[in-house]
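User: Please take a close look at the largest pocket of this model and describe its lining.

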Amino acid sequence: MKCVGIIGIGAYVPENIVTNEQLEKIVDTTDEWIRSRTGIEERRIADSEMDTSDMAVIAAQKALVDSSLDAKDIDLILVATATPDYVFPTVACMVQEALEIPNIPAMDLSAACSGFVYALVTAKQFIETNTYKNILIIGSEKFSKITDWSDRNTSVLFGDGAGAVVLSEVPPGKGILSFELGADGTGGKHLLVDNKSNLVTMNGREVFKFAVRQMPESSLNVVYKAGLKKEDVDFLIPHQANIRIIDAARERLGLNKEKVSTTVTKHGNTSAASIPLALFSEVEKGLIKDGDIVVMVGFGGGLTWGSVCLRWGK
C-alpha cells in the first residue's frame, strides 16, 4: 500500500480584522464575554468583492509553490466548503478554471467543519488505488455571508479564510497512518443554515456537549488505530471552534499547551478552512517538524466528525 501524505501547504486570510471591541458596537456582547467562552479575540472578514473561490485560489497557488509542482501536475481538485459562491458551478470547478488546468475532475465536498478531514480521507483512497497521483485539497469558507450579525450567540464565532494542501505519495512510514470519519444525523437540527433566512442557527449547548465528547474520543481512536500511544503525539491540530473544546481534547491526549494549535484566538471559527489554516500556521512557525506525529480532528454540522493521524514529512 502506498504511503500518502501532504507535500505542500498554503493558506490565505483576508486583511480586514474585526475585533471583539468592534462587535460590542453591533450586538449585545463584551470582549470579556467572548474571550471567556470561546477564546476568540478577533476574526478576519472578507469584503464584498472576495468570495469563497477567490480565497481558495490564493491558498491553492501557495500550496502548489510549496509542493514544487505545477498546476498541470494536479489530477483532482477537492474543495471542502459550506459556503460556496453558487449552488453550482462548484468552487472546485472555479478553482480549476483559475489555475488553468482543464478537464481534470473537480468537486466540492460538504461536511461542514469536518469537511477538510473528509476530503483528506477521500483523496487518500484515490492515491492508494493508483487512480490519481497528486490531489489538491482546499478548505475555504466565507462564513460572514451566512452569519446573522444581530445574533450575539453566533456572530462572535465565525471568520473567513482558506487553507490548501497537495496530497501525494510520500516515503515509507510517513503520511496518513490512520483515520476515522463519523456522523450523527440525529443532531443535525442543532447546527444548520435556515432555509428561509440562509443564516446559521445553532443550539450552542448541544453542539458543545457533542464536541467535548467526540473530539477527544476521535483523537484517541486514530492514535490507537495507528498502533501508537497518546504519548507519541507531537502536535494536535483541532478544529478551531472554541478554546474550551480544544482544551478538552488536549487534556485527554495529555499534551502541553505548546503542542496544540489555538489559531481560533485570531481567526475565529473558519469551518472547513480552520484545520488547514491552523496546520499552515504551525508549520510556518517551525513547530511541526519532519517525523512528528500529528493528529488533526474536526467536528461540525451534520453532526459530523473526522480525525487523521499522520507522520509529518515529504
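Analyst: Helices (H or I, at least four residues) and strands (E, at least two) are DSSP runs, numbered from the N terminus. Residues are numbered from 1 along each chain as its sequence is written, and side-chain values use heavy atoms, with hydrogens and water left out. The model is predicted: local features need pLDDT of at least 70, side-chain atom pairs count only at pLDDT 80 or more, and totals for chains, interfaces and linings use all residues.

A pocket is here an open set of points, on a 1 Å grid over the protein atoms alone, where a 1.4 Å probe fits, with protein on both sides within 12 Å along at least five of seven lines; lining residues have an atom within 4 Å of a point. The largest one has a volume of about 900 Å³, a volume being the space filled by probe spheres set on the points, which are joined across faces, edges and corners.

Its lining comprises 37 residues, with L157, F158, L191, V200 and M202 nearest the centre. At least two lining residues come from each of α2 (31–38), β9 (191–193), β10 (200–202), α6 (204–225) and α7 (243–253). Helix α6 contributes the most, with 5 residues. Domain 1 (4–169) and domain 2 (175–312) each provide at least three residues of this lining; these bounds come from an automatic or database domain assignment. By class, 20 lining residues are nonpolar, 12 polar and 5 charged (Ala, Val, Leu, Ile, Met, Phe, Trp, Tyr, Cys and Pro count as nonpolar, Asp, Glu, Lys and Arg as charged, and the others, Gly among them, as polar).
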